[in-house]
Number of protein chains: 2
Amino acid sequence: MAYTVGQVAKAARVTVRTLHHYDGIGLLSPSGRTPAGYRRYDDADLERLQHIRFYRELGFPLEEIAVILDDPDADPAAHLRRQHDLLSGRIGKLQEMVAAIEIAMEARRMEINLTPEERFEVFGDADPEEHAEEARQRWGDTEAYRVSTRRAASYSKEDWLRIKTEQDNWGRRIVAALTAGTPADSAEAMALAEEHRQLIVRWFYDCSYEVHTGLADMYLADPRFTAYYEKIAPGLAEYLAEAIHANAISRA
Amino acid sequence: MAYTVGQVAKAARVTVRTLHHYDGIGLLSPSGRTPAGYRRYDDADLERLQHIRFYRELGFPLEEIAVILDDPDADPAAHLRRQHDLLSGRIGKLQEMVAAIEIAMEARRMEINLTPEERFEVFGDADPEEHAEEARQRWGDTEAYRVSTRRAASYSKEDWLRIKTEQDNWGRRIVAALTAGTPADSAEAMALAEEHRQLIVRWFYDCSYEVHTGLADMYLADPRFTAYYEKIAPGLAEYLAEAIHANAISRA
DNA sequence: CTCCGGCCTGCCGCGACGTGAGGGTCAAGC
DNA sequence: GCTTGACCCTCACGTCGCGGCAGGCCGGAG
């Protein structure tokens, strides 16, 4: 099986120029040429390109990729394992960022404001960087984003007042439940947890049950959020967290 | 709160040069200067920088970030929502890649070989790109990778023979269980599923219960893998998948 | 008053291609 | 056999997001 640059480019979703570049720096030289000087790639070349693309997507510089691929100690299976581990790591990092965003969202909602140092904690110690083709397509000009934008942008003074009233109302009722000794896994407490979630969904952001339990855990783990609830009523943070968990489980 | 370039750089983990650059292109100009011409950043500048860093990490070009941040329709909460969605998308994509890697691993293990087109299916239609600082630190020179590399690199002819024998042995026993009508959720079938997992762990790669059930689903979803098992014995793919699920649940 | 660390403004360089310019190649259809 | 259009070739300069250095100006500590 022999392929021309164009065919390879199309299959691998890179430009012809990129293949020329890889050839130029000796990272991926086609296994042969036609009499006319056309590049001819074979299956082995394609496999190599696949690996190049993979490491490139994870941000490795070309020079380093050359080293990795030419390592005589690493066979294909080893590459797959390595790639699997790299991906897991990346996912973990992104999940941390998601968690950080959720914290920031809740912080806003509760009007806790983060210190400058806290703002950058998210970025930990590493620094990916991606080519935003997908991002642009998905968010650059979609209706979804416009809608999502409008939702918060258009809060008026009355809206804010309404939100505050609803929250206070909910607050009074859950404190009542807590002081009355209503169990956190009772139908009443669960209903209040669900109301809490609905409140977030209606006014702030889309909060799935999964995200909601994540928030619950955070209320206990993060002293700023714990303090917020404990100031309303001692024991409320834990009570709410428990109710949220119970509610989420019952809906699953 | 006013900060110097150096302080901001340290907090945000960027270089002073980067801040100069952002100033130069007008993306982030400090809110003021000292009489001597020193840049002075305030809290609002920091917040803006945080967002810049975020979108940058997701690969947006600076020009586009400027557009996003200067959009009068998007308030801070909208940005958080957008960022949350972007992250979810990225994670989803990485998870697809993980799945693809797992397929490739299993394909190797079963000696099914993928066509060139299949090799690049992983890359779908987008193309991230990350700066591999983290990757390098984690994998460039760690012991873990060396070990992981060695495992497969050092398979000898006898090893391969041994692997084949073990697999055949296991195959005969599960076919026996299937034809004998042993239920897939019986202790015996589950033990065979566990053995299947152990076989992968011992010789190929680290296969958690989660990954294992993922494989099980794949055996049913992907005709190539289904065929592999169905050729051994009709109904085996489904039988094994069911046993794997039962086994995973019982161990959770 | 003198350091030393931090700040300033240029300005050149680099990695990984993008983007033509200028020209040869090849298969299909007339 | 000849044209046409898609595809290929090799330079070679342009771009983006900074890195890094030169040459010089602050500013507080000793």
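Accessible areas are calculated by the Shrake-Rupley method with a 1.4 Å probe, and for residues only the protein chains shown count as cover. This is a predicted model: local features need pLDDT of at least 70, side-chain atom pairs count only at pLDDT 80 or more, and totals for chains, interfaces and linings use all residues. Residues are numbered from 1 along each chain as its sequence is written, chains are lettered from A and ligands numbered from 1 in the order in which they are written, and side-chain values use heavy atoms, with hydrogens and water left out.

**View 1. Chain A as a whole.**
Chain A has 13 helices and 2 strands. Both are DSSP runs numbered from the N terminus: helices are H or I with at least four residues, strands E with at least two. The accessible surface of the chain is about 12,400 Å². Carbon and sulfur atoms hold 54% of that surface. Of the 252 residues in chain A, 50% are buried. Buried means under 20% relative accessible area, exposed over 50%, and partly exposed in between (1.4 Å probe, protein chains only). Contact means heavy atoms within 4.5 Å. Among contacts in chain A between residues at least 6 apart in sequence, 61% join residues at least 24 apart.

**View 2. The largest nonpolar core, around L19(A) and L19(B).**
This core has 121 residues. A nonpolar core is a set of buried Ala, Val, Leu, Ile, Met, Phe, Trp, Tyr and Cys residues joined through side-chain atoms within 4.5 Å. L19(A) and L19(B) have the most contacts inside the core. Neighbours within four places in sequence aside, L19(B) touches V5(B), V8(B), A9(B), V14(B), L28(B), Y41(B) and L49(B).

**View 3. H51(A) in helix α3.**
H51(A) sits in α3 of chain A, residues 43-57. H51(A) counts as buried because its relative accessibility is 9%. Its contacts, leaving aside neighbours within four places in sequence, are L69(A), H79(A) and Q83(A).

**View 4. The protein surface near DNA strand C.**
A residue is near a strand if one of its heavy atoms lies within 4 Å of it. Strand C has 19 residues around it; T15(A), R17(A), T4(B), Y38(B) and R39(B) come nearest. They divide into 7 nonpolar, 7 polar and 5 charged. Here Ala, Val, Leu, Ile, Met, Phe, Trp, Tyr, Cys and Pro count as nonpolar, Asp, Glu, Lys and Arg as charged, and the others, Gly among them, as polar. α2 (16-24) of chain A, and α1 (5-12) and α2 (16-24) of chain B, each supply at least two residues. α2(A) gives the most, with 4 residues.

**View 5. Polar contacts to DNA strand C.**
A polar contact is a pair of N or O atoms within 3.5 Å; within protein, one must be able to donate a hydrogen and the other to accept it, and residues adjacent in sequence count only if both atoms are side-chain atoms. A polar side-chain atom of Y38(A) is 2.9 Å from a base nitrogen. Phosphate oxygens are also contacted. One lies 2.8 Å from a polar backbone atom of L62(A). Another pairing, also to a phosphate oxygen, places a side-chain N or O atom of T4(B) at 2.8 Å. Sugar or phosphate accounts for 69% of the strand C atoms within 4 Å of the protein, and bases for the rest.

**View 6. The protein surface near DNA strand D.**
Of 19 residues around strand D, G6(A), H20(A), R39(A), T15(B) and R17(B) come nearest. α2(B) has the largest share of this surface, 4 residues. T15(B) places a side-chain N or O atom 2.5 Å from a phosphate oxygen. For Y22(B), a polar side-chain atom lies 3.0 Å from a phosphate oxygen.
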